[in-house]
Amino acid sequence: MKILIIEDEPEIAEGIRQYLLAHDVQCETARAFAEATEKISLYSYDCILLDLNLPGGSGFDILKEIKDMEKDDGVIIVSAQETLDSRITGFDLGADDYVTKPFHLSELYARILALIRRKNFGGSNTVTYNEITIDLRQKTVRVNQTMLDMTKKEIDLLLYLIGNGNRILSKSAIAEHLSGDMADMLESHDFVYTHIKNLKRRFRRPAAGNI
């Protein structure tokens, strides 16, 4: 997963980032309106955590930007505003969920997972593709009931490929998913070929059969 945390309070943003990193979630942050809109225009995210009160603009305006760009990034509003009007406005503008501060990080993580399951995998904790079964919570992969020894990065790539099965993915899109905005700083995206080659090797083993 790749998450964008749009939050102007450094301690809150860092607390969320550290918690998600501990769960192997790739995180990027933005602390102001302009920085957030720039990242959203340049990159795609599985989920955006959006504060409403930002330097330079409103989170509601960011929701409008996402809608105007016709992007399908999931959005969870994370805000201290508890009014019914702010919730309704957020949902009307395309937010998928709304979490009120203060919150438990474990609940926020559960909501992120639920959002991604709904958007990419029909709401299930288990992803099945031909003979492949992926447990999203346990982060395990089985082929014909045989467990494969795979790294978390390989599982992330596999989920990304399955979740975009009807799309043509460019090398740069895969590099961005694996490395985030760091991908722009790399001289080459050829590491993508290495990851795909390693993934193919996993499925060439006898237990995997012909997938």
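Strands and helices in a predicted model

Colleague: In what order do the five strands of the open sheet lie?
Modeller: This is a predicted model. Its five strands form an open sheet with parallel pairing. Strand 2 (26-30) and strand 7 (97-100) are the edges, each pairing on one side only. Read from edge to edge, the order is 2-1-3-6-7.

Colleague: By how many degrees are neighbouring strands of this sheet turned against each other on average?
Modeller: The pairing in the sheet is parallel. With direction ignored, the average turn between neighbouring strands is 20 degrees.

Colleague: Which residue in strand 3 is the bridge partner of Leu4?
Modeller: Strand 1 (residues 2-6) and strand 3 (residues 47-50) run parallel and are joined by four bridges. In strand 3, Leu4 is partnered by Ile48.

Colleague: Which helix lies across strand 6 and strand 7?
Modeller: Helix 3 (residues 59-68) lies across strand 1, strand 3 and strand 6 (74-79), at about 155 degrees to strand 3. Another helix, residues 84-92, runs at about 150 degrees to strand 7 and lies across strand 6 and strand 7. That one is helix 4.

Colleague: Is helix 7 roughly parallel or roughly perpendicular to helix 8?
Modeller: Helix 7 (residues 171-179) and helix 8 (residues 191-203) pack with their axes 9 Å apart, at an angle of about 80 degrees. Angles of 65 to 115 degrees count as roughly perpendicular. Helix 7 is therefore, relative to helix 8, roughly perpendicular.

Colleague: How many residues of the contact of helix 7 with helix 8 are nonpolar?
Modeller: From helix 7 come Lys171, Ile174, Ala175, Leu178 and Ser179, which meet Phe191, Val192, Tyr193, His195 and Ile196 in helix 8. One residue of this contact is charged and two are polar, while the nonpolar ones number seven.

Methods. Residues numbered from 1 in each chain as written. Predicted model: local features only at pLDDT ≥ 70, side-chain atom pairs only at ≥ 80, totals over all residues. Heavy atoms only, no water. Axes fitted to C-alpha atoms, helices over the stretch in contact; angles between N-to-C directions. Helix = DSSP H or I, 4+ residues; strand = E, 2+ residues; numbered from the N terminus. Parallel < 35°, antiparallel > 145°, perpendicular 65-115°, else oblique. Contact = heavy atoms within 4.5 Å. Nonpolar A, V, L, I, M, F, W, Y, C, P; charged D, E, K, R; others polar. Pairing = 2+ DSSP bridges.
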